[in-house]
Amino acid sequence: MPVSGYLGLDTSNYTTSAAYSDADGTVTQVKKLLPVKSGEMGLRQSDAVFHHVRQLPEMVEELRRKTDGSVLAVAASDRPQQRDGSYMPCFLVGAGTARELGAVLRVPVHFFTHQQGHVAAALYGADKLSLRHAPFLAFHVSGGTTDALYVTPDARTVISCEVVARSLDLKAGQLIDRVGGMLGLPFPAGPALEELAKKTVARFSVKPSMRDADCHLSGVENQCRSMLEKGCPAADIALFCLKSVEAALTAMTAALLKTYGNLPLIYAGGVMSNRLLRESLTANFGGSFAPPAFSADNAAGIATLCRIKEVKDA
């Protein structure tokens, strides 16, 4: 029997995605990575926009084949973060499509940030949506972001994400991709770097570079390049890179728990799909993680926020 639900769109710098949340909250999603030429470390925004224009109709059509319900509202991510001046052209594709669909279907249209979507997707994937009713701490760790967030309920946008700590230079995903590029791994390098790191039994004791709860990661890239020039095995370099990210996130988490108290922890973003990071942070802090499908860029969180917003406003 056909049901009713909520459509979410996300057109990030890495992935085109669409998702449908049933009225009961069950999410169906589809997504496709943007094509990156071999040897390149990402896309120019103009290229990302072009590929989203081509791929988003395919994603919406594929999602339509997987669902048979009507659409009660449409939502999209329209910018990276909840701060003045936050802007990235690739999000215009999803936001514009949401406006068009809303006008044709005569349904409400909502806009959230890409970061809100990541946090909501992690809550959904970890079965922790109930946390949204009170403050909690979340990490959004990806190719473009290494942010720690103080998340609070918000009547207008469901959740509000305030950046309270971050990387002051290179982002964790950037570091992983650059080190992967040094080692000849494909972009994005996260999965391949993780597999490579499993091939060594080397041990590293890493001291992170911190400024209060903020971290520095650019020095790790230089250390990895120096290791490569000295002839260190690629697997050792891969593990050192990941252990360095682990050390930084561990220090950030400990500092924030000291400041904000023992709040619940959620880890989101594509980097948090990494098994080594998940196991370490879970053991140390008991944080919650979503399955990889809801950690990497996706529209599930946008569809979920759309449903919550509409049901709340009904």
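Is V158 buried or exposed? Keep that residue in view as we walk through this predicted model, because V158 has a relative accessible area of 6% and is therefore buried. You will find V158 in strand β8, which covers residues 158-166. Its backbone deserves a look too: V158 is not a glycine, yet its phi is positive, at about 75°.

R106 makes a good companion to that example. R106 also has a positive phi without being a glycine, here of about 55°. Its setting is a loop, the one that runs between α2 (91-105) and β5 (109-113). With a relative accessibility of 77%, R106 counts as exposed, whereas V158 is buried.

One more backbone feature is worth a stop. F187 and P188 are joined by a cis peptide bond, with omega at about -10°. If you want to find it, look in the loop between α4 and α5, where P188 lies.

From that loop we can move on to the helices, starting with α5 and α7. The axes of these two helices come within 8 Å and cross at roughly 115°. An angle from 65 to 115 degrees counts as roughly perpendicular, so α5 is roughly perpendicular to α7. The crossing of the pair is left-handed. On the α5 side, the contact is made by L193, E194, L196 and A197, and α7 brings A234, A235, A238, L239, C241 and L242 to meet them. Sorted by type, the residues of this contact comprise 9 nonpolar, no polar and 1 charged.

Helix α7 (residues 234-260) also packs against helix α6 (residues 218-229), at an angle of about 165° and with the axes 10 Å apart. Because angles over 145 degrees count as roughly antiparallel, α6 is roughly antiparallel to α7. Here α6 passes α7 in a right-handed crossing. From α6, the residues in contact are V220, Q223, C224, M227 and L228, while α7 supplies D236, I237, F240, C241 and S244. This contact divides into 7 nonpolar, 2 polar and 1 charged.

Let us pause at Q223, a residue of helix α6. Its relative accessibility is 42%, so Q223 counts as partly exposed. To get a sense of distance, compare its position with that of P135: the two are 88 residues apart along the chain, and their C-alpha atoms are separated by 37 Å.

Now for the interior. Which residues touch the most other members of the largest nonpolar core? They are F139, L193 and M272, out of 44 residues in that core. Several elements give two or more residues each, namely β6 (136-141), α4 (172-182), α5 (190-197), α6, α7, β11 (265-268) and α8 (275-285). The largest share, 13 residues, comes from α7. We have already met L193, on the α5 side of the contact with α7.

M272 shows what such a position involves. Leaving out residues up to four places away in sequence, M272 touches V141, L249, Y267, L277, R278, L281 and F289. Apart from this core lies another, of 30 residues, with A19, F112, A290 and L305 among them.

Methods: Residues numbered from 1 in each chain as written. Predicted model: local features only at pLDDT ≥ 70, side-chain atom pairs only at ≥ 80, totals over all residues. Heavy atoms only, no water. Axes fitted to C-alpha atoms, helices over the stretch in contact; angles between N-to-C directions. Helix = DSSP H or I, 4+ residues; strand = E, 2+ residues; numbered from the N terminus. Parallel < 35°, antiparallel > 145°, perpendicular 65-115°, else oblique. Left-handed = near helix turned anticlockwise from the far one by under 90°. Contact = heavy atoms within 4.5 Å. Nonpolar A, V, L, I, M, F, W, Y, C, P; charged D, E, K, R; others polar. Core = buried A, V, L, I, M, F, W, Y, C linked by side-chain atoms within 4.5 Å. Buried < 20%, exposed > 50% of the residue type's maximum accessible area, 1.4 Å probe, protein only.
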